[in-house]
Amino acid sequence: MKKLSLVFALCFSLFTFSQEKTFEITGTLIAEDSNLPIESATVYLERVKDSSIVTYTISDKNGFFKMEGRTFDESLNFYASYVGYGPYLKKIKIDREKIDLKTISMQLDNQLKEVLIKSTAPITIKKDTLEFNVKSFKTKKDATVEDLLKQLPGVEVDEEGKITVNGREVNKILVNGKPFFGDDPTITTKNLTKDIVEKIQIVDTKTKSEAFSGEAGNKDNKTINLTIKEENNKGVFGRIAGGYGTDERYEYAGMVNLFDNDRRISALAGGNNINSPGFSFGELNKMFGGASMISINSNGSFNFDGRSFGGGQGITTSRSTGLNYADVIGETVDIAADYFNSLSNSENETITERETILTDSRFFTNSRSTSNNDTDSHSANLEFEIETDSTFQLNIEPSFRYSKTRTLFNSNDETLDEDLVLTNQSSVNSDVESYARDFSTDISATKRFGSKGGFVRAVVNTNVSKQEREDMLNSVAEIFGDLPETIIRDQFTDGDNNSYSVSTEFTYRLPIIAKKFFLNFEYQFSVDKEKNRQSTFDFNDIEEDFTDFNTELSTDFEYRDSRSIPRIGATYNGEKFYSRLDVGYNIRTLENNDLLRPQFSVERQFKNIEASYRVNYRFSPKASLYGGYSLRNNPPAIRQLQAFTDVSNPLSVVIGNPNLEPSNRHGFYGGYNGFDWQKRTGFYARINASFTNNQVVSKTVIDPETLVRTTTYENVDGNYNFGFSATYSKEVKMDTLKSIKFNLRARYNRSRNINFNNNVQYASTINNITPRLGVDFIWNKVMDIKPYYELVISNNAYDIDAFEDRNFTSHNAGIRTATFLPKKLEWENDIRFNYNPNVAEGFQKSAWFWNSTLTYSLLKDKGLISLKVYDLLNQNTNARRIATQDYIQDSQSTVLRQYFMLGFSYKFNSLGSKGETGDDDFFFF
């Protein structure tokens, strides 16, 4: 019976495929008022029956368009749409393969007398905005915003949730123009569902004051704004979920959202012990930026919108809660607020083997460490946007953070010489508790004047931070050889670090050509103050307490960094060409008063020119060329300038250098972004280079007998870095349901670094090449198959005979699949293979990693029951090799192992017609 059904389904597919008609529709769009061709108009076909989109394209610079596809329908509705012109509609018969619509004249909006056409173009291109109509793009049921974004042309979403639009990264997502749970895009994309969104707008990222003043903003990043349907902007919706599995693995999460037009209130909570950030739904990893699928090289550590989840590698257990509020007060004040709390525990064990290469010898270090980290962190943020009139805006953004951390650490290290003779060894046990409080406020006031684009702006940023730390340390260091020595430490360190910073900036933009060419006058003054005290006490056997003050291991200093930077610049912002040049003079003073060692107090003043230049040329809405240059001067860190001897690690002594000079870095970058809407082809390329003189580098001398390291710092010239990357994508429509997308990416990087090895200066040159090929096969509502392969090739070359040139190669491959048949059942697989032949003996060289999730929809698609298998083959590993200028290191640490988990989730939604609750929707916890 099953075989008969399969044969019947295959025959039916072949029959229906044979009934489809191939078509090619061409034409040219011109403006009726000028007879000029219309570029970037949206042209699309809809089914007469249900108004669903069949295909679409964008007209080129000559107004020409071509649409190709297949359809069962006898007739289709043809539409052409362009901003400022009325939509054009024509019903066309699909009675031949090639249809030429000749020249189509578009009428101005105010000339239209006909009935309004109720159809929205799938894509609308304005000067600075790319807008997608959500209903035009097909997705599966229960699709999230992330699922929707993956269907949009020119938009890429990788497995970690990182979004790029035409090659540029999205760093902010707004909902109706307001932030939603901070600046982490994945909370929004994995949370909100497609059915409440009407349009997706993509613009260059701008600050609020830049948007208000009309400045160009950051053209290297994009912002996505989700506009909610009016009828869906009032009501309650959300989801709850939980799961439990083998090895006592668990996860739970819940979120509720209350939308009342301008007012939004959201709350979320979650917890797990599977290395997720705390907001994860196990079924298909749909919500809250979860990390239920960990890559082979995952380190088990997460950072979520500035909030840390877990103390590093290992297995992390976390609990998290969050609140978000947005509203409009009166007619002039917008307010947004959020609060987060996260608690986590991370356990880890690490084994490391390192081979250090000297000019005339080498030595080996073996280490094993364990750590246990507990963190409790809180953060609260407020945003006030006040516009008293159309020319004045005030932004006030206070934020508060508090964290409490305790870390238990144990390590054992041994160092062997070239003949594998034990030279020194050490053991460390520490118990560290720390507290941190941080309060900051960012205030900006912008006043526009005239109608030519001029404005003045004042910005004040302040930060107050207080940190406390208590460290219990017990260590033993043994040095062997002709002069053996044993150093035993039983100590308590009490420390605090109080800092205060204030930065003020004044900007005046003078229009020379209205709304196009401006002169910029800026002045910035900043002061950072820090008081750092670390008091170390040795254990007194007589008093049986830590009472003996250890001056050698204690510090007490006051630090001040002040900067005064006047700048002048010019900006040109035309319709296609943008350019900005800024030149500044940085007068910087560093002061460090050492209260324990006054002879090591430092005061240095640096005066340097700073410069930056940005240029962007937009050939058309589908292609642009950009570039830039920067000159930056970075002073040495205050610790690098302090000349006292730091012996906190008796086997690695550090001495500062008060004669260091600031580094000078020249940076260049350029690139091309292009997406052909007609051919569904994208090409993005970027090149970057930097050249640094007076780079501050470490200079380490190793005692040949004891292998004790003594490090200081020096300035060197000749460091550079060069990189190139390119991405090519091509989507091929097989028919109305099936498509194949090819993704080819290649990266090349070359760097040259000047370093020292036992007082011998040398240069290392590193070349890395990383090609990657992926193929996505999409059969709408049936299956997705996405295989990929990546090769990493690295070459390390040195200009001294003591170091051998080294070559490294690693392979990464995988396939992600999803099937959506039978109805209501979804099966997802993520299979990855990693092969690293370069790691040392005893470390795992290769591994297969397979995650699988099976979900079934029930309760009218409101509920999902899931079975998840993590690391099905039980081969997860994070063995890795690191190669630097003078050492090669292999390491392996604790990873999450195989588990099976059964889960259930339920979504609720009372968003009805303008807030009316649906009959079959309800809300519960």
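Biologist: Is Tyr613 buried, exposed or partly exposed, and what is its relative accessible area?
Modeller: This is a predicted model, so the values are computed from it. Tyr613 lies in strand E32. Buried would need a value under 20%, and exposed one over 50%. Tyr613 falls in between, so it counts as partly exposed, with a relative accessible area of 31%.

Biologist: About how much accessible area does the nonpolar patch with Tyr613 have together?
Modeller: The patch lies on the surface, and its members include Phe521, Ile568, Tyr613 and Leu625. Patch residues need over 30% relative accessible area, and Tyr613 has 31%. Together, the patch residues have an accessible area of about 930 Å².

Biologist: Which strands each supply at least two residues of that patch?
Modeller: Tyr613 sits in E32, and Tyr617 and Phe619 are also in the patch. Residues 602-620 make up E32, and residues 577-594 make up E31. The strands that each supply at least two patch residues are E31 and E32.

Biologist: Which residue forms a salt bridge with Glu522?
Modeller: Glu522 is in strand E28, and its partner is in strand E31, 58 residues apart. Both residues of the pair are buried. The closest N and O atoms are 3.0 Å apart, and the partner is Arg580.

Biologist: Which residues are linked with Glu522 and Arg580 in a network of salt bridges?
Modeller: Glu522 and Arg580 form one salt bridge. Both belong to a network of such bridges. The other residues linked in it are Glu215, Arg457, Arg567 and Asp582.

Biologist: How many residues apart are Arg533 and Asp496?
Modeller: Their side chains meet in a salt bridge, at 2.5 Å from N to O. The pair links distant parts of the chain: Arg533 is in E28 and Asp496 is in strand E27. In sequence, they are 37 residues apart.

Biologist: Why does Asp496 count as buried, and at what relative accessible area?
Modeller: The cut-off for buried is under 20% relative accessible area. Arg533 has 21%, so it is partly exposed. Asp496 is on the buried side because its relative accessible area is 17%.

Biologist: Is Asp95 buried or exposed?
Modeller: Its side chain meets that of Arg96 in a salt bridge, at 3.0 Å from N to O. Arg96 has a relative accessible area of 45% and is partly exposed. Asp95 reaches 53%, so it counts as exposed.

Biologist: How many salt bridges does a search of the whole structure find?
Modeller: One of them joins Asp95 and Arg96. Another joins Arg533 and Asp496. The search of the whole structure finds 36.

Biologist: Over how many bridges do E41 and E42 pair?
Modeller: E41 also pairs with E40 in the antiparallel sense, over 14 bridges. There, Thr727 stands opposite Arg745, and a hairpin of four residues joins the two strands. E41 and E42 are antiparallel too, and the number of bridges is 20.

Biologist: Which residue in the turn between E41 and E42 has a positive phi?
Modeller: Phe756 has Gln761 in E42 as its bridge partner. The hairpin has two residues between its strands. The residue with a positive phi, about 50°, is Asn758.

Biologist: Which residues does Thr765 contact, leaving aside neighbours within four places in sequence?
Modeller: Thr765 is in strand E42. At 14% relative accessibility, it counts as buried. Its contacts are Arg750, Ser751, Arg752, Asn795, Asn796 and Ala797.

Biologist: In what order do the three strands of the open sheet with E1 run?
Modeller: E4 and E7 are the edge strands, and each pairs on one side only. E1 and E7 pair in the parallel sense over seven bridges, with Thr28 opposite Thr103 in E7. The pairing in the sheet is mixed, and the order is E4-E1-E7.

Biologist: What share of the chain counts as buried?
Modeller: The chain holds five helices and 50 strands. Its exposed area is about 43700 Å², with 54% from carbon and sulfur atoms. Of the 925 residues, the share that counts as buried is 48%.

Terms used. Residues numbered from 1 in each chain as written. Predicted model: local features only at pLDDT ≥ 70, side-chain atom pairs only at ≥ 80, totals over all residues. Heavy atoms only, no water. Pairing = 2+ DSSP bridges. Patch = residues over 30% accessible without salt bridge, like charges linked within 9 Å, V, L, I, M, F, W, Y side chains within 5 Å. Areas by Shrake-Rupley, 256 points an atom, 1.4 Å probe, with all protein chains shown as cover. Salt bridge = Lys/Arg side-chain N within 4 Å of Asp/Glu carboxyl O. Buried < 20%, exposed > 50% of the residue type's maximum accessible area, 1.4 Å probe, protein only. Contact = heavy atoms within 4.5 Å.
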